[in-house]
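Colleague: I would like a close look at a single part of this model, followed by its wider setting. Please explain each term as you reach it.

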Amino acid sequence: MHPRCFVDLTLERHASPLAAAAVLRVLHGAFRQQPGQYALALPDYPRAFPRLRIFAESRDALDTLVGSTEAHPTLAEHARYSYPRTVPDDFAGPWTSFRRYRIPTRKAERKPDGSLRLRRIQSADDARLPYFPLRSESNGHTWRLYVEARPADAGGEASPDAYGLATATRPFGLPTLP
């Protein structure tokens, strides 16, 4: 997927982490239906919650996303889509990579009394990384999806995860646009 067009999802009245997380849960469901088709950006980073920006390769892909999610009660209550826009053909940068900042599970600790998980959480909190408080549908556990923005090289092929984010093994950049 090459990020050629985008749409902004502006959170209304209650632009809180909980409202943003509710909207992201809806997007996550749509992203899982079309793997690798949509990339998520936080254009107001590090203020994460006034807008979410979704990039796609085509206007048709954005129309499919909007059509499948805009009537969802959560989106109807918390957010509004903007009119889709295209990335200028001559866009030369800057580019930003929005990555998932991984926090290992308690089971992933190498030592029974390990502190890697706590150190990663502390590091994310010290850096004031924005996060979405989520709950797993499969096991009911709550967790935080931290997002880290890093400068990136010129955009190329993007292979986003099911939340629309880059990963350590699949980094990519998105256009930084106003």
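Which residues does Phe91 touch, not counting residues up to four places away in sequence?

Modeller: Phe91 touches Pro175, Thr176 and Leu177, with residues up to four places away in sequence left out of the list. A touch, or contact, means heavy atoms within 4.5 Å. Some ground rules come next. This is a predicted model, in which local features need pLDDT of at least 70 and side-chain atom pairs count only at pLDDT 80 or more, while totals for chains, interfaces and linings use all residues. Residues are numbered from 1 along each chain as its sequence is written, and side-chain values use heavy atoms, with hydrogens and water left out.

Phe91 sits in the loop between strand 5 and strand 6. Helices (H or I, at least four residues) and strands (E, at least two) are DSSP runs, numbered from the N terminus. Phe91 counts as buried because its relative accessible area is 18%; buried means under 20%, exposed over 50%, and partly exposed in between, with a 1.4 Å probe and protein chains only. Gly155 is 64 residues from Phe91 along the chain, and their C-alpha atoms are separated by 9.9 Å.

The loop that holds Phe91 also holds Pro94, between strand 5 (85-86) and strand 6 (95-101). Pro94 is joined to Gly93 by a cis peptide bond, with omega at about 10°. Most peptide bonds are trans, and most residues other than glycine have a negative phi. Arg128 departs from the second of these patterns, with a positive phi of about 55° although it is not a glycine. Arg128 lies in the loop between helix 4 (116-126) and strand 7. Its relative accessibility is 68%, so Arg128 counts as exposed.

For a point elsewhere in the model, take Leu11: Phe91 and Leu11 are 80 residues apart in sequence and 27 Å apart in space, C-alpha to C-alpha. Leu11 belongs to strand 1, residues 5-11. With a relative accessibility of 7%, Leu11 counts as buried. Leaving out residues up to four places away in sequence, Leu11 touches Ser16, Ala19, Ala20, Phe49, Pro50, Leu52, His78 and Ala79.

One of these contacts, His78, lies in helix 3. His78 counts as buried because its relative accessibility is 16%. Beyond four places in sequence, His78 touches Thr10, Leu11, Glu12, Ala19 and Val23. Helix 3 also contains Ala76. At 38% relative accessibility, Ala76 counts as partly exposed. From Ala76 to Val23 the C-alpha distance is 9.7 Å, and the two are 53 residues apart in sequence.

Now for the interior. A nonpolar core is a set of buried Ala, Val, Leu, Ile, Met, Phe, Trp, Tyr and Cys residues joined through side-chain atoms within 4.5 Å. The largest such core has 47 residues, and the ones touching the most other members are Leu9, Leu27, Leu52, Ile54, Leu65, Tyr81 and Phe132. Helix 1 gives the most to this core, nine residues. A second, separate core has five residues, among them Tyr101, Ile103, Leu129 and Tyr146. To return to Leu9, its contacts include Val23, Leu27, Pro50, Arg51 and Leu52, with residues up to four places away in sequence not counted. Further along the chain, and counted in the same way, Leu9 also touches Ile54, Leu75, Ala79, Arg80 and Tyr81.

Helix 2 has two sides to compare. In this helix, residues 59-69, the buried residues are Ala61, Leu62, Leu65, Val66 and Thr69. They lie on the same side of helix 2 because they cover an arc of only 135° around the axis; the arc is that of the directions from the helix axis to the C-beta atoms. On the other side of helix 2, Asp60, Gly67 and Ser68 are exposed. The buried residues of helix 2 pack against strand 1, helix 1, strand 3 (51-56), helix 3 (73-78) and strand 4 (79-81). Strand 1 and helix 3 have already come up here: Leu11 lies in strand 1, and His78 lies in helix 3.
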